[in-house]
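Colleague: I am new to this structure and would like to learn how to read it. Could we go through it feature by feature?

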Amino acid sequence: MGMEFFDVIILGGGPGGLSCASLLAEAGVHVLLMERKKTLGPKVCAGGITWHGFIQRIPEQLIERTFHEQKIFSNFQNFSFRSKHPVIATVNRLNLGQWMMADARSKGAHIRNGWYVNNVDNRIVTATNDRGKQIRLRCDHLVGADGSTSLVRRCLGIPTARLGIGINYQIPGQYKYMEWHLDNGYFGNGYGWIFPHRDSISIGAYGSRDKRTPSRLKNQLIQWAGSRGFDLAGKQARAELINYDYRGYSFDGTWLVGDAAGLASGLTGEGIHPAIVSGEAVARKIIDPDYPADEINQMAKKKMRHERIVDISSKNKTACSLLMETLILMIRLKVVDFQKQLSM
Ligand SMILES: Cc1cc2nc3c(=O)[nH]c(=O)nc-3n(C[C@H](O)[C@H](O)[C@H](O)COP(=O)(O)OP(=O)(O)OC[C@H]3O[C@@H](n4cnc5c(N)ncnc54)[C@H](O)[C@@H]3O)c2cc1C
């Protein structure tokens with residue numbers, strides 16, 4: 001029997017891969033998405049989505065909580081940012097993934113879960129299927145939507161030098177406020193967060209990897225959370241890398257989207273919306289090669305501004321503190337628009 005052929009094969013069933021699959025299938029493209037997990041959706045994540053990003057595009061029942069107010073804390077300032085629209089909402093990644101999968105399937109995308117892709121070579125994909133059998137498939141276009149440790153990116157020979165680490169505790173309970181803690185004593189130029197969901201609270205920390213090891217960040221997070229009245233000792237932490245090293249998305253019929261492309265923000269670690277925007281832009285570009293995909297270029301420009309802040313603030317403690325306090329002051333004075341400039 002010959003090798004199975006698809007116009008497009010997508011690796012990875014996160015928001016980047018699923019948004020790409022949905023748009024391609026809707027346009028009648030014969031598309032296959034392969035995901036190593038048996039259940040699509042679950043991902044180490046605080047589940048924050050923004051008003052300018054994704055809030056307005058998903059059904060209300062997927063939203064866990066919405067927040068018109070953001071509480072921002074630094075060493076010297078406590079400040080509440082308010083807006084008439086919800087600034088950030090929280091979603092459960094399992095529910096989001098299942099909804100996006102149903103949408104892509106309803107449009108005709110083929111989705112194989114429990115399939116682990118072992119190798120990609122010249123548009124030939126080798127995978128181990130959900131029964132442990134090795135399968136080889138062919139395609140005209142290959143989309144790497146396989147996250148921060150992307151196999152497709154590695155096979156293209158693209159290095160990943162700029163990485164963040166995110167650590168999340170999802171603890172049962174309720175909490176009133178959404179909070180950002182830019183406390184450089186604990187987190188350097190990163191931050192700690194409290195993102196309430198319906199019946200649980202995401203408490204976590206983000207920072208660039210060159211400055212700290214995951215175990216050090218975890219210890220700092222536990223200490224800081226203790227100072228806020230949350231006892232995390234003995235609870236299960238989950239950590240993952242966030243690739244923000246963007247070096248392009250189009251490589252002669254092989255494409256990268258979302259974290260695989262390094263499109264998350266190095267400053268905040270936000271990556272759901274960049275994954276969706278790039279997944280859709282790549283789908284449009286596959287359908288029509290003349291499509292300009294300006295949305296990816298605009299995102300890359302915004303990311304670069306975020307990275308300049310990361311680079312300057314990582315020089316030393318004083319530069320970091322000065323920059324963070326100035327940034328918060330600029331948000332307070334409305335010189336920096338929290339929603340437009342800090343969210344992706
Ligand atoms: C602690 C933490 C908190 C975060 N909080 C937020 C937040 O609040 N808001 C936000 O916007 N972003 C947040 N992020 C970032 C966000 O989770 C990612 O940017 C986003 O999920 C990227 O989507 P993606 O589709 O590119 O990749 P992913 O969601 O990582 O999906 C990639 C998929 O590819 C699959 N895969 C990988 N390799 C293979 C293989 N060989 N074969 C088959 N399948 C494979 C994986 O199983 C995975 O399902 C956070 C990240 C962390 C670590």
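Colleague: Where does the ligand lie with respect to domain 1 and domain 2, and why?

Modeller: This is a predicted model. To place a ligand, look at which parts of the chain give residues to the shell around it. Here domain 1 and domain 2 both give residues to that shell, so the ligand lies between them.

Colleague: Which residues make up each domain?

Modeller: A domain may be built from several separate stretches of the chain. Domain 1 takes in 4-43, 93-160 and 244-313, while domain 2 takes in 48-86 and 162-242. Their C-alpha centres are 25 Å apart.

Colleague: How many residues of domain 1 are in contact with domain 2?

Modeller: 18 residues of domain 1 are in contact with 15 of domain 2. On the domain 1 side, helices H2 (93-106), H7 (272-287) and H8 (294-313) each supply at least two residues. By class, that side has seven nonpolar, nine polar and two charged residues.

Colleague: Back to the ligand. How many residues surround it, and which are the closest?

Modeller: The shell holds 39 residues, and the closest are Gly-12, Gly-14, Gly-166, Gly-258 and Gly-271. By class, 16 are nonpolar, 15 polar and eight charged. Several elements each supply at least two residues, among them helix H1 (15-26), strand S2 (31-35), strand S12 (163-172) and H7.

Colleague: How do I read a pair of helices, say H8 and H9?

Modeller: Take the distance between the axes, then the crossing angle. The axes of H8 and H9 (residues 317-332) come within 8 Å and cross at roughly 140°. That angle makes H8 oblique to H9.

Colleague: Which residues make the contact between H8 and H9?

Modeller: H8 uses Ile-309, Ile-312 and Ser-313, and H9 uses Ala-319, Cys-320, Leu-323 and Met-324. In this contact six residues are nonpolar, one is polar and none is charged.

Colleague: And the sheet of three strands: what is its order?

Modeller: For a sheet, read the strand order, the sense of pairing and the edges. This open sheet runs S3-S7-S4 with antiparallel pairing. S3 (48-50) and S4 (63-67) are the edge strands, each pairing on one side only. From one strand to the next, the twist averages 30°.

Colleague: How many bridges join S3 and S7?

Modeller: S3 and S7 (residues 88-91) pair in the antiparallel sense over three bridges. To follow the pairing by eye, find Ile-49, which stands opposite Ala-89 in S7.

Notes. Residues numbered from 1 in each chain as written. Predicted model: local features only at pLDDT ≥ 70, side-chain atom pairs only at ≥ 80, totals over all residues. Domains from an automatic or database assignment. Contact = placed C-beta atoms within 7 Å. Helix = DSSP H or I, 4+ residues; strand = E, 2+ residues; numbered from the N terminus. Nonpolar A, V, L, I, M, F, W, Y, C, P; charged D, E, K, R; others polar. Near = placed C-beta within 6 Å. Axes fitted to C-alpha atoms, helices over the stretch in contact; angles between N-to-C directions. Parallel < 35°, antiparallel > 145°, perpendicular 65-115°, else oblique. Pairing = 2+ DSSP bridges.
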